[in-house]
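Biologist: Could you take me through this model, going from the charged pairs to the helices and then to the annotated domain?

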Amino acid sequence: MTELRALLDAGLRPGVYRWRSSLSLEQVGPRVTAAGWGFVPLDTTGVLDKAGFLDVCATAFDLPRWFGRNWDALADSLSDRSTGEPELVLWDGWRELLDHDHDTVDVALQIFSEDTKESGQLRVLLREAEDAPDLISDLPVV
């Protein structure tokens with residue numbers, strides 16, 4: 001059993017976490033869906049600003065065409081797509097975005113955190129970087 005499988009079997013609680021893993025997306029996705037969870041790969045590698053981040057979110061979360069590409073729209077859209085079923089979001093590339101646009105990562109984390117509390121659906125894993133910047137240093141590590 002992998003550490004990921006152990007996390008899923010243990011019923012990882014809704015929240016935003018840091019995750020240390022070298023598993024590829026091709027390894028993570030099937031394991032998550034085999035456990036009966038939804039899986040959203042959120043890769044912001046090469047994304048340097050809010051507009052790019054919201055574009056990636058629109059695709060990753062399969063948001064409607066009328067998604068307004070602003071923070072309120074992201075929060076509302078995440079809430080609207082909630083089914084209550086567990087869903088794991090694996091966010092890669094957040095470190096590069098943080099280096100270029102701290103505020104975007106900060107607000108995104110706030111929105112994800114709110115959604116985890118309200119919907120009980122999302123478990124957001126930020127794949128660990130070499131360092132833990134202040135913004136994420138308080139997030140629990142799984």
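Biologist: In this predicted model, does Arg 81 count as buried, partly exposed or exposed?
Modeller: Arg 81 forms a salt bridge with Glu 87, in which the closest N and O atoms are 2.8 Å apart. The Glu 87 side of the pair is buried, at 9% relative accessibility. Arg 81 has a relative accessibility of 23%, and because buried means under 20% and exposed over 50%, the class that applies to Arg 81 is partly exposed.

Biologist: Which strands are linked by the salt bridge between Asp 92 and Arg 127?
Modeller: The side chains of Asp 92 and Arg 127 meet at 2.5 Å, N to O. The pair links distant parts of the chain, 35 residues apart. Asp 92 is buried with a relative accessible area of 13%, and Arg 127 is buried as well, at 15% relative accessibility. Asp 92 and Arg 127 belong, respectively, to strands S3 and S4.

Biologist: How many residues apart in sequence are the parts that Arg 20 and Glu 128 tie together?
Modeller: Arg 20 and Glu 128 form a salt bridge of 3.3 Å, N to O. Arg 20 lies in the loop between S1 and H2, whereas Glu 128 lies in the loop between strand S4 (122-127) and helix H7 (134-137), so the parts that the pair ties together are separated in sequence by 108 residues.

Biologist: Of Arg 20 and Glu 128, which is buried and which is exposed?
Modeller: Arg 20 has a relative accessible area of 53%, which places it over the 50% limit for exposed residues. Glu 128 has a relative accessible area of 18%, which is under the 20% limit for buried residues. The exposed residue is therefore Arg 20, and the buried one is Glu 128.

Biologist: Which residue is linked with Arg 20 and Glu 128 in a network of salt bridges?
Modeller: The count of salt bridges in the model comes to eight. Arg 20 and Glu 128 are linked in a network of these interactions, and the further member of that network is Arg 18.

Biologist: Why do the buried residues of helix H2 lie on the same side of the helix, and what arc do they cover?
Modeller: The buried residues in H2 (residues 25-34) include Val 28, Gly 29 and Val 32. In an α-helix there are 3.6 residues a turn, so residues three or four places apart point the same way. Glu 26 and Ala 34 are exposed on the other side of H2. The buried residues are put on the same side of H2 because the arc they cover around the axis is only 95 degrees.

Biologist: Which helices do the buried residues of H3 pack against?
Modeller: In H3 (residues 50-60), the buried residues include Phe 53, Leu 54 and Val 56. Their packing partners include the strands S2 and S3, and the helices among those partners are H4 (71-80), H5 and H6.

Biologist: Where does Thr 104 lie, and which residues does it touch?
Modeller: UniProt, in an unreviewed entry, places the feature "domain: Barstar (barnase inhibitor)" at residues 39-119, a span that is 57% helix and 14% strand. Thr 104 lies in helix H6 (residues 102-119) and counts as buried at 3% relative accessibility. Not counting residues up to four places away in sequence, the residues that Thr 104 touches are Asp 49, Lys 50, Phe 53, Trp 71 and Leu 97.

Notes:
Residues are numbered from 1 along each chain as its sequence is written. This is a predicted model: local features need pLDDT of at least 70, side-chain atom pairs count only at pLDDT 80 or more; totals for chains, interfaces and linings use all residues. Side-chain values use heavy atoms; hydrogens and water are left out. UniProt positions are given in the numbering used here, feature names are shortened, and annotations may be inferred rather than shown by experiment. Helices (H or I, at least four residues) and strands (E, at least two) are DSSP runs, numbered from the N terminus. Buried means under 20% relative accessible area, exposed over 50%, partly exposed in between (1.4 Å probe, protein chains only). Contact means heavy atoms within 4.5 Å. The arc is that of the directions from the helix axis to the C-beta atoms. A salt bridge is a side-chain nitrogen of Lys or Arg within 4 Å of a carboxyl oxygen of Asp or Glu.
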